[in-house]
Number of protein chains: 2
Amino acid sequence: MGDHSGRFDVMEDQDLQHLPTPCALVDLERVERNCRAMAATARRLGVRLRPHVKTHKCIEAGRLQRADAPGIAVSTLAEARHFAAAGFRDITYAVPIAPERLPEAVEIGRGIDRLSVLVDGAVAVAAAERAAVAAGVRVSVFLKVDCGYGRAGVDPESPAAFALARRLAASPQLDFRGLLTHGGHSYGSRSVAESRQAAAQEAAAPVAFAEALRREGVEVPEVSVGSTPTCTALAGEVEDGADTVGGPGAPWEGVTEIRPGNYIFFDVHQAAVGSCRLSDVAFSVLVTVISHHSERNRLLVNAGSLALSADPGPRHIDPHCGFGVVADLTGEPIAGLRLSSLSQEHGWVEAVSGDGAALAAFPVGIRLRILPNHSCLAAALHDRYHVLRQGRLVAEWRPVRGW
Amino acid sequence: MGDHSGRFDVMEDQDLQHLPTPCALVDLERVERNCRAMAATARRLGVRLRPHVKTHKCIEAGRLQRADAPGIAVSTLAEARHFAAAGFRDITYAVPIAPERLPEAVEIGRGIDRLSVLVDGAVAVAAAERAAVAAGVRVSVFLKVDCGYGRAGVDPESPAAFALARRLAASPQLDFRGLLTHGGHSYGSRSVAESRQAAAQEAAAPVAFAEALRREGVEVPEVSVGSTPTCTALAGEVEDGADTVGGPGAPWEGVTEIRPGNYIFFDVHQAAVGSCRLSDVAFSVLVTVISHHSERNRLLVNAGSLALSADPGPRHIDPHCGFGVVADLTGEPIAGLRLSSLSQEHGWVEAVSGDGAALAAFPVGIRLRILPNHSCLAAALHDRYHVLRQGRLVAEWRPVRGW
C-alpha cells in the first residue's frame with residue numbers, strides 16, 4: 001500500500017469495466033488508511049475515538065472504525081437499530097431527539113449496553129423521563145452544548161444551561177453522560193489554521209462548562225467534541241510532537257472523546273479545507289460518458305444530482321469549484337476538466353480552457369470516476385457500495401437508509 | 001374538493017400526529033388535480049401527453065398520470081424495468097443511453113410494446129445496432145436534439161445532425177421514432193413570460209428540423225418536447241382560447257407529444273417560476289421541531305439535506321429564498337419563517353423579522369411540513385410516500401430507486 005494505496009493498472013481492471021454505471025465505489029486501502037490515521041490521532045490526543053457512522057451507514061465500515069473504538073455515534077434511529085442488531089453495544093444518537101421517538105430509542109437501548117440520546121431543552125428532558133418511567137429503565141442523556149456554531153445546544157454560559165445540567169444529573173430516571181458539542185462551523189473553514197481555531201473554540205466552551213459544573217459537585221463523565229476538520233487539523237498540530245499529547249496543556253485538555261465521521265471517506269470539500277489530500281478520498285461514483293459535443297465544449301456523464309447530490313462544494317474557497325472532481329479509473333483527478341453543472345441524471349463536464357478539443361480523449365462509452373463534493377450526501381444516494389482492493393471488486397456493502 | 005383540495009382540520013388529523021418523522025407526504029387531491037390539469041393542457045394543445053415518471057418513480061402515481069396518456073417517459077432503466085413489470089407497455093428512456101446498457105434496454109423492451117432509447121452520436125447508434133442484431137429485434141430510437149439548452153443533443157442545423165437522422169431512418173436494425181428535445185433552460189426562467197419564450201424555442205428547433213428531414217423524404221413520426229415550466233406556461237396562454245388550440249398556427253404546431261413530469265407534485269421552484277401556486281404543491285416532508293432557541297432566533301427541525309436535498313432553490317428569482325417553505329400541517333405556508341440552512345439531519349428555521357419571539361408558537365415536539373425546493377430530488381430521498389386524502393392516510397407508495 002503506502003503511496004500506492006488506491007492506485008492500480010487500469011488495463012488490468014476488469015471489474016471497473018463491467019459494473020453497471022452509475023454506481024458507488026469504495027477504495028478499501030484508503031478507508032483502512034484513513035481509519036488508522038484517525039485512531040492514531042485520537043491516541044496521541046489522549047482521547048477516545050467514537051466514530052460517527054453517518055457517512056457510510058454500513059456495518060462493515062463501522063467494524064473497521066470500531067477496531068480502535070469502543071462505541072459509535074449515529075445520526076438516525078434507523079442507524080442505531082441497524083448497528084445495535086449487528087452487535088454494536090455503545091451508541092450515541094448525536095442529533096437532538098424528537099420527543100415522540102424516545103420510546104423507540106429506549107427500546108433499542110434495552111438490547112445493548114447503552115444508547116445515549118441528546119437533549120437541549122426542558123421539553124425533551126421531560127419526555128426522556130416519561131419514556132424511562134414507562135419502560136422501567138434509566139435513559140442515558142448528553143446535554144447538547146452550543147460552542148458557537150449556533151445550531152442546536154444550550155448556551156453554556158447561561159443560567160438556564162446550568163439549571164438544565166443540574167436537573168439531568170439529579171434525575172433518578174436519567175443517566176447523565178456529560179456534555180456534547182459539534183463545531184460545525186469548521187465546515188466553513190478555508191484552511192487548516194482556521195480549522196484549528198474552530199477546534200479550540202469547539203473544546204473551550206464545553207470544557208469550561210464541565211469544570212464549572214464539577215465545581216458545583218455535578219459529575220460530568222464525558223466531554224464529547226470533534227468533527228473531521230477539527231480532528232484532522234489538530235492531528236497536523238500534534239504530528240511532530242510526542243507519542244502522546246493528551247493531558248495538561250494538550251490541545252484538547254478536558255475532552256474525553258471525539259466523534260468525527262467523514263474522515264473514513266473524505267471528499268472534495270475536506271481536501272479543499274486541508275483535512276486530507278484528494279488521494280485520500282475513498283468514495284467515488286463510477287460513471288460513463290453518454291454524450292459528447294466538443295463543438296460546444298460539453299460532454300455528459302450519467303451521474304447527476306441523484307447520484308452525486310446537489311452539494312455545491314467548497315465555493316467559499318473556490319468560487320469556480322465544480323460539483324465534484326472528475327477522475328480517471330484509478331481515482332486520479334484529470335486536470336483541465338470541470339463538472340460544471342448537474343441535472344437529475346446528467347453531469348455536465350467542460351474543458352476549463354474553453355477548448356472542447358480537450359474532451360477528445362473521453363468519447364461516449366468511456367468510464368470515469370467522480371470524487372464527490374460531500375461524501376456523506378453522495379453515499380446516502382446509493383443502496384450499495386462496490387468495494388475495491390487494488391482496483392478489484394472484493395465486497396459489496398449495503399448501507400441502512402431512512403430514519 | 002375544489003378550493004378545499006388538500007385542506008383539512010388539523011385537530012381531527014390523527015394520522016399526521018402519529019407518523020414517525022421525518023417522512024414524505026403526498027396530498028392525493030392535489031396530485032389528481034395536477035394530473036387533470038396537465039391532461040387538459042395536452043388536449044387543448046392538440047398533443048399527446050407522455051408523462052415523465054422521474055419525479056415520483058412509483059406505479060400508483062404513474063397510473064394516475066396514465067389515465068390520459070398512452071405511454072410514459074423514464075429517467076433510469078430501473079424505472080423502465082419497474083414500470084414495464086407493472087404493465088406499462090410504451091416507455092421512452094429519455095436520457096442518452098450509455099452504450100453498455102443497450103442489451104439491458106433491449107431486454108426490457110422485448111417484454112412490452114416499445115422501449116425507445118435516446119441517441120445523439122455515432123457511438124451510441126452503432127451500439128444500438130449491435131444490440132439489435134444480438135437480440136434479433138429492432139430497437140426504437142429517438143434522435144436527441146439540442147434546442148438551445150446546451151446539454152445533450154445534436155445541433156439541428158448541423159450537417160452532422162442530418163447525416164445521423166438519415167442513418168437512423170435507413171438502418172434495418174433501428175425503428176426511428178423521431179426527434180426529442182428538452183428545454184431545460186426553462187428552469188432558469190424568472191416568469192411565465194420567460195417560460196413561454198423557452199417553450200417557443202423548445203419547439204422551434206425540432207419542428208424545423210423535422211420539416212427539413214421530411215422534405216428529404218425521411219419519415220419523422222414524433223416530435224417530443226415539453227417540460228413542466230414550458231407546458232404550464234403554454235397552458236396559461238391557451239386557457240382563454242378555444243377547446244382545442246392544436247393545429248396550424250397553434251403554439252406548438254408540429255409537436256406530437258409532451259413529456260412533463262414535475263407537474264404531478266410541483267414544488268417551491270415551480271411556484272416561483274409561475275408554473276403553479278404553492279397550494280398546488282402535492283409533496284412535502286413531515287418534520288418535528290427538535291430544538292428551540294428563540295434567544296438566538298433559531299429552531300431546528302429533524303429534516304436536513306438527507307430528507308429535503310441540498311437544492312438551493314430559485315435563487316435567481318429570490319436570493320433570500322430558503323431551502324424549502326415552512327408550512328403548517330394543512331400544507332399552508334407559515335408567513336415569517338425561513339428555512340435558512342440545512343445540515344445532514346437538521347433544518348435551521350429562523351424568523352425573517354430577526355425576532356426569535358416569533359418562534360414561540362413552535363415549541364419542541366410540534367410538527368410542521370416543509371414544501372421542498374425541488375420535489376424530484378426530495379422525493380428520491382424517501383423509500384415510501386405516505387399518501388393523504390382529506391388529511392387522512394389512505395395509502396403508502398413505494399418508489400423504485402437506483403439505475
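Author: Two strands count as paired if DSSP finds at least two bridges between them. Keep that in mind as we look at this predicted model.

Reader: Okay, what makes β2(A) and strand β9 of chain A a pair?

Author: β2(A) and β9(A), residues 257-258, are joined over two bridges, in the parallel sense. At least two are needed, so the pair qualifies. One example is R48(A), whose bridge partner in β9(A) is E257(A).

Reader: Where does that pair sit in the sheet of chain A?

Author: β2 and β9 stand next to each other at the start of the order β2-β9-β8-β7-β6-β5-β4-β3 in chain A, an open sheet of eight strands with parallel pairing.

Reader: Why are β2 and β3 of chain A called edge strands?

Author: Each of them, β2 (48-49) and β3 (72-74) of chain A, pairs on one side only.

Reader: And which strands make up the sheet in chain B?

Author: Chain B has an open, parallel sheet of eight strands, in the order β2-β9-β8-β7-β6-β5-β4-β3. Its edge strands are β2 (48-49) and β3 (72-74) of chain B. Further in, four bridges join β5 (residues 114-119) of chain B to β6 (residues 139-144) of chain B, and the two run parallel. Since at least two bridges make a pair, β5(B) and β6(B) count as paired. S116(B), for instance, has S140(B) as its bridge partner in β6(B).

Reader: What does it take for residues of helix α4 of chain B to be called buried?

Author: The cut-off is 20 or more other C-beta atoms within 10 Å of a residue's own. L77(B), E79(B), A80(B), H82(B), F83(B) and A84(B), in helix α4 (residues 77-85) of chain B, are buried, so each of them meets that cut-off. Their cover includes α3 (59-66), β3, β4, α5 (102-110) and β5 of chain B. Just after α4(B), G87(B) takes a positive phi of about 100°.

Reader: Which residues stand out in the largest nonpolar core?

Author: That core has 258 residues, and those touching the most other members are Y93(A), V117(A), A128(A), Y93(B), V117(B) and A128(B). Take V117(B): leaving aside residues up to four places away in sequence, V117(B) touches Y93(B), I97(B), A105(B), A128(B), V139(B) and V141(B). A touch here means C-beta atoms within 7 Å, so each of those six passes that test with V117(B).

Reader: Now the two chains. What makes them copies related by symmetry?

Author: Chain B superposes on chain A by a rotation of 180° with 0.0 Å of shift along its axis, and the RMSD is 0.0 Å. The copies are therefore related as by a two-fold rotation axis. In chain B, A310(B) comes closest to that axis, at 2.9 Å (C-alpha).

Reader: Why is it said that the copies meet through the same surface?

Author: Because 100% of the interface residues of chain B are also interface residues in chain A. Each chain's share of the contact is spelled out as 49 residues from chain B and 49 residues from chain A. β10(B) gives the largest share of chain B's side, four residues. By class, that side has 21 nonpolar, 17 polar and eleven charged residues.

Reader: Last one: which domains does chain A have, and how many residues does each bring to their contact?

Author: Chain A is divided into domain 1 (46-264) and domain 2 (278-397). Their C-alpha centres lie 34 Å apart. The contact takes ten residues from domain 1 and nine residues from domain 2 of chain A. Domain 1's side consists of three nonpolar, four polar and three charged residues.

Notes
Residues numbered from 1 in each chain as written. Chains lettered and ligands numbered in written order. Predicted model: local features only at pLDDT ≥ 70, side-chain atom pairs only at ≥ 80, totals over all residues. Least-squares fit on C-alpha atoms with pLDDT ≥ 70 in both. Contact = placed C-beta atoms within 7 Å. Nonpolar A, V, L, I, M, F, W, Y, C, P; charged D, E, K, R; others polar. Domains from an automatic or database assignment. Core = buried A, V, L, I, M, F, W, Y, C linked by C-beta atoms within 7 Å. Buried ≥ 20, exposed ≤ 12 C-beta atoms within 10 Å, placed from the backbone.
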